[in-house]
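Please look through the model shown here, beginning with the chain as a whole and moving inward to its packed interior.

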Amino acid sequence: MSVIGSNVLAGASGAAGGGDPLYVDDVFSTALYTGNASSNTVPSGLDFTEGSWLSWIKLRNGSDSHFLSDSTQKTGVCFDSFASDRTYGKQTQETTGINAVGASSYSIQGSNAQVNGNTKKYVSWNFKAAPGFFDIVGPWTGNGSGSGTTRTFSHNLGSTPALIIFKKTSHTDNWFVFHKDQTSSSYYLMLDQTVGESNAGTSLWSATDTTLTIADDLNLNILNQTSIAYLFASDDAQFGTDGDESIIKCGKFEAVPGTAVNLGFEPQFLLVKTIDSTRGWFLIDNMRGVGATTNSNSEYLFANTAGSDDDNRSIFITPTGFEVATYTSFANNTHIYMAIRRPHKPPEVGTDVFAMDTFGGTSPSPPTYTSGFPVDFVLHREINASMNWNASTRKTGLTRLRIPANYAELSDTTAKFDQNNGFKDAAGTLTAWQAWMFKRAPGFFDVISYDGTGSNNASINHGLGVVPEMFWIKRRTGSSTWAIYHKDVGAGYSLMFDDSDPSPGDIWQDTGVPTSTQFFTHDSARTNSASNTYTGYFFATLPGISKVGSYSGNTGYAVNVDCGFTNGARFLLIKRTDIVSTGEWYVWDTLRGIVSGNDSYLLLSNQAAEVTNTDYVDPLSTGFTVTSSAPAALNATGGTYIFLAIA
């Protein structure tokens, strides 16, 4: 814990030791959970057993105050709490609240509706102290030095604080907020109020990368009264694999429709406040749902009210930041923000980012399909009957597209992603349904949603972090065939799920080989028509996790395909692509069986039920084997075959 004496505070540090890379995944998470009015576990994904931390909890489907607890506040059985929408000091929690913390979760006890009402839905934003991200200063006891004087504390943020939130812990008072982009250091905001910034008429704070100095003018140093401060950094590039990425940024923007804010990363969490008008503090995160195109909604809560989840079209998220929507409720005012980067930790094994499950096959339910990680994209269908494949993404919310059908997007009220360990919220025992679930991760897989421009030479951003080797694009707002790119087919050709052959045509720019940040397309109804929206799914080879590649057939002989895996492929997608051929898109997986005998397959290009009486692939520890008995669609001399394999 960070605890100060009467004059100097020692800040908190949560950085990984031994020079290990630190990722946003290690210091911030959004956890969603359902209350049970008893003993409950919140899957924070963070190690709260050492260092300082803050957990900010809010009831989503009802009206009740926010509930903030941190590592410095424990006087009873549970950690004490504050409410960002109330002015009272800390509330001692003897029987309700966070009562124990662990290496990847924490426990809540009691039946208080603020945090654990039976069947109620909650969101928890979790922060762990680390240089360049977050620190806690306090609690400190005021010495009553009087108005016009200052007091200096040390901190371990390692960079100059960009956002500071103060709260008096022992007495009733407002929450005071300082932001680096307010008019000047004499201005302040109040987290529990809707009013814009106010001018105290004198400088209220200053900071360096090691110290925080505050004036006594806002009653933050009254004799024998205690206070605490939460410090947030901005754009301190010391995170990621190479230690050169930032994970948090604070700034200012004018809320004019079309204004784009370039963060240099895609955010997963936003705190936004109007400073020149009366408006609440928006709390937005990607777990509850963030708009991904001009006219899509973002779920939000207000930090200053007890209200439940709501949505509007104020902003939408891009691969490099966020943009003010066409019909924004921000109304052309000036806003300050804090943005936190989306998860960017590379996976260690395939099960970190890809999972399969049958309908209700794994407890608990919901979710209907259990993954073990937050799902960003899912394919789901009935496997023993004629059925389109359904494709749903966190980016586009309660919707689905169909494969191979070329229809526009449909609504799907059960396609819920607002849970930490799976997909869908539907009861039943339809075990003939299966889901294939993907998590976005650098170098493995990404999902984007974008508005078409009608440009004949469009450059569209993605967030894969490497050059995509395969991607699928689908128009959401109208009927168009899927457009598929694969590196071994080339930019001059596109593939479709409802056609057998690669087709030359005016889809991708002829010389437009994608880059690590963009892909390039023409004005096509399939990829970039004006006044239409699109979704894109991007895949790449990540050693030991996934492989995008091709192989040559050899009639009558088995073909071993080395993907660099250690325990074989759990998922296979294969298609023949030499121009004169015809070939379906074959799908195998280990849930239905990749074994030395018969292996069940489905066709992504066909609605047909699975075929169970063939032996076209066999397991191989480094990848997969196409058997000698496989047909020409999978193994013929002179044939070229593309594939996607996941370990």
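The paragraphs below go from overall form to the nonpolar cores, then to a cavity and a single strand residue.

This is a predicted model, in which local features need pLDDT of at least 70 and side-chain atom pairs count only at pLDDT 80 or more, while totals for chains, interfaces and linings use all residues. Residues are numbered from 1 along each chain as its sequence is written, and side-chain values use heavy atoms, with hydrogens and water left out.

The protein contains 1 helix and 49 strands (DSSP runs, H or I of at least four residues for helices and E of at least two for strands, numbered from the N terminus). Its C-alpha trace spans about 90 × 50 × 45 Å along the principal axes. The radius of gyration is 26 Å, which agrees with the value near 26 Å for a compact globule of 647 residues (taken over C-alpha atoms, the rule being 2.2 Å times the number of residues to the power 0.38). Of the 647 residues, 59% count as buried, that is, under 20% relative accessible area with a 1.4 Å probe and protein chains only.

In soluble globular proteins, nonpolar side chains tend to be buried together. The largest nonpolar core here (buried Ala, Val, Leu, Ile, Met, Phe, Trp, Tyr and Cys residues joined through side-chain atoms within 4.5 Å) has 61 residues, of which F127, F133, F166, Y230 and M338 touch the most other members. Strand β16 (residues 226-232) gives the largest share of this core, 5 residues. Apart from that core lies another, of 37 residues, including W389 and F444. Leaving aside neighbours within four places in sequence, Y230 is in contact (heavy atoms within 4.5 Å) with residues including L54, D70, L163 and W175.

Where is empty space left? Rolling a probe the size of a water molecule over the atoms shows this. The structure holds 1 cavity of 30 Å³ or more, where a cavity is a set of points on a 1 Å grid over the protein atoms alone at which a 1.4 Å probe fits but cannot get out, and lining residues have an atom within 4 Å of a point. Grid points are joined across faces, edges and corners, and the volume is the space filled by probe spheres set on the points. The largest cavity has about 30 Å³ of space, and its lining consists of W56, F127, L163, I165, F232, F269, L271 and M338. Strands β10 (163-168) and β19 (267-274) each supply at least two of these lining residues.

Finally, I98 sits in strand β5 (residues 97-101) and is buried, with a relative accessible area of 0%. I98 and F79 are 19 residues apart in sequence, yet 5.7 Å apart in space, C-alpha to C-alpha.

Methods
1 Å grid on protein atoms, 1.4 Å probe; cavity = no way out; pocket = protein on both sides within 12 Å on 5 of 7 lines; lining within 4 Å. Buried < 20%, exposed > 50% of the residue type's maximum accessible area, 1.4 Å probe, protein only.
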